[in-house]
Amino acid sequence: MRDLILNKYELMWMMVLFDLPVIEKKERKDATEFRKFLLDNGFSMVQYSIYTKLFSGKDACEKYYRMIHDNLPTKGKVDIITITDRQYGNIISYNAGEKRQKKQPEQFLLF
């Protein structure tokens, strides 16, 4: 069987953005558990309330939509955005006023 290299339009980035309350001890614990859940499932922190993960395609994201839903904190707002690798590569990012290039992921190689 020959190797298949996915292109920047097939690869998908899932972004999980959230605003969770952290006033009470239980709320802080829930927010920490949600962040830990994301990290334990291969997501990387972009900012404190934004996590991303690269997938081989839209279908590969479906399992994670359900997993995130099943692990939502009882309070707060969570959004999931899915974009192509090509779109993610077009993000303009500044750090302390300096423009930064997004780090390109290793190409997915399926065989």
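In this predicted model, the largest nonpolar core has 16 residues, of which Met14, Val16, Phe18, Phe34, Leu38, Phe43 and Ile68 touch the most other members. Two or more residues of this core come from each of β2 (12-19), α1, β4 (50-55) and α2. A second core, separate from it, holds 7 residues, among them Trp13, Met15, Ile50 and Tyr88. In soluble globular proteins, nonpolar side chains tend to be buried together.

Phe43 can serve as an entry point to the larger core. With neighbours within four places in sequence set aside, Phe43 is in contact with Met14, Val16, Leu38, Tyr51, Thr52, Lys53, Tyr64 and Ile68. Of these contacts, Met14, Val16, Leu38 and Ile68 are, like Phe43, listed among the core members that touch the most others.

Nonpolar side chains also occur at the surface. Leu39, Met45 and Tyr48 form a patch there, with a combined accessible area of about 340 Å². Leu39 belongs to helix α1. Its relative accessibility is 45%, so Leu39 counts as partly exposed.

Turning to charged side chains, the model contains 5 salt bridges. Side chains of opposite charge can pair when their charged atoms come close. The table gives three of the pairs, including their N to O distances.

| Salt bridge | Distance, N to O |
|---|---|
| Lys26 and Asp30 | 2.9 Å |
| Lys75 and Glu27 | 3.5 Å |
| Asp40 and Lys36 | 2.9 Å |

Lys26 and Asp30 both lie in helix α1 (residues 25-40), 4 residues apart, or about one turn of the helix. What are the relative accessible areas of Lys26 and Asp30? Lys26 has 51% and is therefore exposed, since exposed means over 50%. Asp30 has 13% and is buried, because this value is under 20%.

Asp40 and Lys36 are likewise 4 residues apart in helix α1, which puts about one helical turn between them. Asp40 is exposed, with a relative accessibility of 55%.

The bridge between Lys75 and Glu27 links distant parts of the chain, 48 residues apart. Lys75 sits in the loop between α2 (58-70) and β5 (77-84), whereas Glu27 is in helix α1. Is each partner of this pair buried, exposed or partly exposed? Lys75, at 45% relative accessibility, counts as partly exposed, while Glu27, at 12%, counts as buried.

Helix α1 thus recurs throughout: two or more of its residues belong to the largest core, Leu39 in the surface patch lies in it, and Lys26, Asp30 and Glu27 are located there too.

Key
Residues numbered from 1 in each chain as written. Predicted model: local features only at pLDDT ≥ 70, side-chain atom pairs only at ≥ 80, totals over all residues. Heavy atoms only, no water. Salt bridge = Lys/Arg side-chain N within 4 Å of Asp/Glu carboxyl O. Buried < 20%, exposed > 50% of the residue type's maximum accessible area, 1.4 Å probe, protein only. Patch = residues over 30% accessible without salt bridge, like charges linked within 9 Å, V, L, I, M, F, W, Y side chains within 5 Å. Areas by Shrake-Rupley, 256 points an atom, 1.4 Å probe, with all protein chains shown as cover. Core = buried A, V, L, I, M, F, W, Y, C linked by side-chain atoms within 4.5 Å. Contact = heavy atoms within 4.5 Å.
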